[in-house]
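User: Please take a close look at one part of this model, the central strand and the loops and binding shells that go with it. I would like a connected reading that I can follow with the structure open beside me.

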Amino acid sequence: MSSSIASRVSSITRMAAPTASKAVGISASRTFTSSTTAQNKVAVVGAAGGIGQPMSLLLKLSGKIEHLSLFDIVNTPGVAADIGHCNTHGKVTSHTGPEEMSTALDGCDIVVIPAGVPRKPGMSRDDLFNTNASIVKGIAEQCAKSCPKACFLIISNPVNSTVPIFADVLKSAGVFHPGKLMGVTTLDVCRAKTFVAENQGMDVDKVEVDVIGGHAGTTIMPLLSQIPGAKFSDEDIKALTHRIQFGGDEVVKAKDGAGSATLSMAHAGAYFAGRVLDGLDGQADIKECTFVECDITDAPFFASPCTLGKEGVSEIHGFKNLSSFEQALVDDNVDSLKKMAKKGSDFVKNSQ
Ligand SMILES: NC(=O)C1=CN([C@@H]2O[C@H](COP(=O)(O)OP(=O)(O)OC[C@H]3O[C@@H](n4cnc5c(N)ncnc54)[C@H](O)[C@@H]3O)[C@@H](O)[C@H]2O)C=CC1
Ligand SMILES: O=C([O-])CC(=O)C(=O)O
């Protein structure tokens, strides 16, 4: 199955190169490394958190970002001052609290969002809905005003519901671009590559695994049958699939009340943002799995390999040639994905 959304996004013109940052000299916001003209601007919303801090560091170290704009409701100045001392390309600005949010977001090409509470042992990602739904809705409302043409990369859980929330807020504001809203499922791919490489004795740098579906429990569906050069027993397929699906729980349990995955997520988020940036910059053949609005199943949002281009997602590749094990997973999980998306949409509807 394949679905091109190029036509749907073709009318969206990517913003002209943003102008030089206005943050210098603004007393409410602070700039920590001065630079010349900004060519791109990336914001991290939730920058002072467990994911936000190391992810912002990795983004700064990438050297790909001219203006890294760090926003949180608390503690942003310290994080930005600290990261801003790294001698890599690009400037870092700090923005704290609702009154500084529009400056943080203004003119962004990409907004990466790890804002919200993490799980504790015994909780599901859906148990975070009551707190994180309103956080994500508020952020989406501000993004719709300040940077409607940006790509939005949603990390906050439950992704299967927070992405639909974000979409509905952008739709209400008339600024939704389907190719520019992506749920970040990269950590599932990172885990799949790591566990498969261990199991098969392969070089982890060379393993490619597509993970489709969503980002919660059994909605995470790794396509192990399609890995070039890999051979698994039926038991291995079941055990590996389960470990990839519940990798988040493994970390939550090991952290024993101190939160969920932060460091591996920082790596996954910075990597994915870098790939989106490469696509925006016009590099060819950038393909990553991500959770987007699409019609490849009955669920309104579904993760699958996507080509990233100058307008965000330019092609959704979907899936084909599934093993019977994988097809059964898809058949069993589309309903849950529909329900979780509806829960997000209902939340937006009922809070208007
Ligand atoms: N998509 C994925 O694969 C993964 C998602 N997550 C999710 O990411 C989220 C963040 O996790 P952690 O960083 O560990 O949590 P954390 O509690 O350490 O950090 C969250 C940060 O968000 C900030 N925040 C809260 N409300 C905000 C708002 N309205 N605007 C801006 N910032 C706000 C907090 O001040 C805090 O600094 C959680 O929902 C977690 O479940 C975590 C791991 C993987
Ligand atoms: O498990 C969690 O709550 C955090 C998460 O999404 C992950 O690690 O995949």
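Analyst: N75 is found in the loop between β3 and α3 (76-84), and in this predicted model its phi is near 65 degrees, a positive value in a residue other than glycine. N75 has 15 C-beta neighbours inside 10 Å and therefore counts as partly exposed. A second residue with a positive phi is D285, where the angle is near 60 degrees and the residue is again not a glycine. D285 lies in the loop between α10 (263-280) and β10 (286-293), and it is exposed because 9 other C-beta atoms lie within 10 Å of its own.

The central strand is β6, residues 151-154, which is covered on both faces. In a regular strand the side chains alternate between the two faces of the sheet. Here C151 and L153 point to one side, while F152 and I154 point to the other, and each of these four residues is buried.

The strand has a parallel partner in β5 (residues 110-113), to which it is joined by 4 bridges, and within this pairing V111 has F152 as its bridge partner. Between the two strands the chain passes through helix α5 (residues 129-146), giving a β-α-β crossover that is right-handed.

Another parallel pairing, made by 3 bridges, links β6 to β7 (residues 181-183), and here L153 stands opposite M182. The path from β6 to β7 goes through helix α6 (residues 159-172), and this β-α-β crossover is right-handed as well. F152 and L153, buried residues of β6, can thus be followed outward, F152 to V111 in β5 and L153 to M182 in β7.

On leaving β6 towards α6, the chain enters a loop that holds P158. The peptide bond from N157 to P158 is cis, with omega near -5 degrees, so it is worth locating in the structure before turning to the ligands, since N157 is listed around both of them.

Ligand 1 is surrounded by 34 residues, of which the closest are G46, G49, G50, A115 and N157. The elements that give two or more residues to this shell are β3 (67-72) and α5, and α5 gives the most, with 4 residues. The helix that carries the chain from β5 to β6 is therefore also the leading contributor of residues around ligand 1. By class, the shell around ligand 1 holds 19 nonpolar, 13 polar and 2 charged residues. At least three residues come from each of domain 1 (41-183) and domain 2 (186-340).

The shell around ligand 2 consists of P118, R119, R125, N157, L187, G248, V251, V252, S260 and A261. Helix α9 (residues 247-255) gives the most to it, with 3 residues. This shell divides into 5 nonpolar, 3 polar and 2 charged residues, and it too draws at least three residues from each of domain 1 (41-183) and domain 2 (186-340).

For residues 41-183, an unreviewed UniProt entry lists "domain: Lactate/malate dehydrogenase N-terminal". Over that stretch the chain is 40% helix and 20% strand, and its end C-alpha atoms are 20 Å apart.

Further along the chain, H215 is covered by the UniProt annotation "active site", again from an unreviewed entry. H215 sits in the loop between β8 (211-213) and β9, and it counts as buried because it has 26 C-beta neighbours inside 10 Å, where 20 or more are required. Strand β9 (residues 220-222) contains P222, which is buried as well, because 28 other C-beta atoms lie within 10 Å. The C-alpha atoms of P222 and V211 are separated by 4.1 Å, although these residues are 11 apart along the chain.

Terms used
Residues numbered from 1 in each chain as written. Chains lettered and ligands numbered in written order. Predicted model: local features only at pLDDT ≥ 70, side-chain atom pairs only at ≥ 80, totals over all residues. Buried ≥ 20, exposed ≤ 12 C-beta atoms within 10 Å, placed from the backbone. Pairing = 2+ DSSP bridges. Right-handed = clockwise from strand over helix to strand, strands pointing away. Near = placed C-beta within 6 Å. Nonpolar A, V, L, I, M, F, W, Y, C, P; charged D, E, K, R; others polar. Domains from an automatic or database assignment. UniProt positions renumbered as here; feature names shortened; annotations may be inferred.
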